[in-house]
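Here is a short briefing to read alongside the model. Have the viewer open and follow the topics in order.

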Amino acid sequence: MTTSSSRRVFLSTAALAVAACLTCASSAVAVPAAPPGPTAPARMSLPAPTGAYPVGTTSLHLTDRGRPDPWVASRPHRELMVSIRYPARDVAGHARAPQMLPGEAAGFDALNNLTAIPKGRADWAATLSHAYTDAPVARHSAQGFPVVLYSPGVGDPRTLGTTLCDELASRGYVVVMIDHTYDASAVEFPGGRVEKTVLPQEFEKADKAGKAQVTALMKKTVAVRVADTRFVLDQLAALPGRLRGALDLNAVGMFGQSAGGFTAAQTMHDDPRIKAAANLDGVMGYTQRDDDPAHPSSVGTDGVDRPLLLMGKEGNNHHTVASWDAVWQHSKGWLRDLTLTGAEHAGYTDMQSEIPQLARQLGLSAQTVAANIGTVEPKRSVAAQEAYITAFFDRWLRGQDRHLFDGPSARFPEVRFVK
């Protein structure tokens, strides 16, 4: 979820408050309404990846025939869409893939859980990624490229992590971006079928039934996400066509933003195939307050024995977020806790680059920008995230230590190490 305030979620989109419970909460921020502006919708672009490889992409429709859909009883099987980003050999003659397909963009705009960003004013479907559809895979060693899975926040499409995923692919990783159907705002399947989130209705029912049901809904949401991820892992050994043999399934990591970060850590706890995980500002317990230790997850009570990177917005660290502290206290593996100074929750998504562009075109206030992505300079924020996420997976999936985690770096003064 990309809102910066869980309290605002309860007030303005109460049916999505379950998302706030799986993100990092903060106090409400009063932001003036967006001023009137031009009728033409705003268009945005994304930062180009910086690695040596051009990026290819393909999308897969996966069906888990051993599992009925946990959210929609009429669906006998669980269906997922994933995008795979990979190092490409040559992209000539291949089209750049959109960040969002039309159905996904419409669903994202309709849900619109951003702070003071008006609906219908952004052309979300017009943004292009820097990945080229069905480009040939780059030459690779016999074991293939290391693999990184990506899970988005609750209510968000997989495509809100496009910048970081394209960056990793340009650095020689195969990146698998997962949509959690009926959790994501909208998922578009082949043929144009669009399945929208059911979580607003689910939360409304749970909220009327009481706090215990809200907690149960949070647990179910994460459990479904972990099951989705483990199913996707199962499918990677039998990928079709150009990707066959390109993945090193002995070197698999995972990262995510918000609830996706929780999903990454919980999946690593549950599944030994995940060798390292990074959590970008996601609470790891079933609670509505960051500082509340109630209803911990098993990743919190047990900890992890493999590398875990925590990256938080300003004010979120293992001293202030109870679920992070639980993981910190119980883990035996390598841990780092980093704060991106001046960051807000949505700054760990593509909104870091897109919100400032929206603000310039729509005349939005600096306060609105800060409420969504913080005050850190966007290019500096993106560069720091790319550097630390890449260095983390380089160290633990490739055995290449960039020494970026030895301590504070003069290259990235915005990144603070939390002891």
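Strand 5 is mostly covered, with seven of its seven residues buried. Keep in mind that this is a predicted model. The notes below start from strand 5 and its neighbours, then move through the sheet to its edge and on to a pair of helices.

**Strand 5 and its partners**
- On one side, strand 5 pairs with strand 9 in the parallel sense, over seven bridges.
- If you would like a landmark for that pairing, V148 stands opposite G253 in strand 9.
- Strand 5 is also joined to strand 6 by four bridges, and these two strands run parallel.
- Here the residue to look for is V147, which stands opposite V174 in strand 6.
- In the loop between strand 4 and strand 5 you will find A142.
- Is A142 buried or exposed? A142 counts as exposed because its relative accessibility is 81%, and exposed means over 50%.

**The sheet as a whole**
- Strand 5 belongs to an open sheet of eleven strands, in the order 3-4-1-2-6-5-9-10-11-12-13 and with mixed pairing.
- Which strands stand at the edges? They are strand 3 (96-98) and strand 13, and each has a single partner strand, so one side of each is left without a neighbour in the sheet.
- From one strand to the next, the twist averages 30°.
- As general background, strands of a sheet pair through backbone hydrogen bonds, either parallel or antiparallel.

**Helix 4 across the sheet**
- Helix 4 (residues 162-170) lies across several strands, including strand 1 (55-64), strand 2 (78-87), strand 5 (145-151) and strand 9 (247-257).
- Relative to strand 2, helix 4 runs at about 50°.
- Like strand 5, helix 4 is mostly covered: nine of its nine residues are buried.
- Among the buried residues of helix 4 are D166 and E167, along with L164, C165 and L168.
- After helix 4 comes G172, whose phi is positive, near 100°.

**The strand 13 edge and E414**
- Strand 12 (residues 335-340) and strand 13 run antiparallel and are joined by three bridges.
- Within this pairing, L338 stands opposite F417 in strand 13.
- To relate this edge to the loop before strand 5, note that L338 and A142 are 196 residues apart in sequence and 35 Å apart in space, C-alpha to C-alpha.
- The loop between helix 12 and strand 13 (415-417) holds E414.
- Why does E414 count as buried? Its relative accessible area is 15%, and buried means under 20%.
- The side chain of E414 makes a polar contact, at 2.6 Å, with the side chain of R380.
- Leaving aside residues up to four places away in sequence, E414 touches T339, L340, T341, V376 and R380.

**Helix 10 against helix 12**
- The axes of helix 10 (residues 351-362) and helix 12 (residues 378-398) come within 9 Å and cross at roughly 170°.
- That angle makes helix 10 roughly antiparallel to helix 12, because angles over 145 degrees count as roughly antiparallel.
- Helix 10 contributes Q352, S353 and P356 to the contact, while helix 12 contributes P378, S381, V382 and Q385.
- Sorted by class, this contact has three nonpolar, four polar and no charged residues.

Methods. Residues numbered from 1 in each chain as written. Predicted model: local features only at pLDDT ≥ 70, side-chain atom pairs only at ≥ 80, totals over all residues. Heavy atoms only, no water. Axes fitted to C-alpha atoms, helices over the stretch in contact; angles between N-to-C directions. Parallel < 35°, antiparallel > 145°, perpendicular 65-115°, else oblique. Contact = heavy atoms within 4.5 Å. Nonpolar A, V, L, I, M, F, W, Y, C, P; charged D, E, K, R; others polar. Buried < 20%, exposed > 50% of the residue type's maximum accessible area, 1.4 Å probe, protein only. Polar contact = N/O pair within 3.5 Å; in protein donor to acceptor, adjacent residues only side chain to side chain. Pairing = 2+ DSSP bridges.
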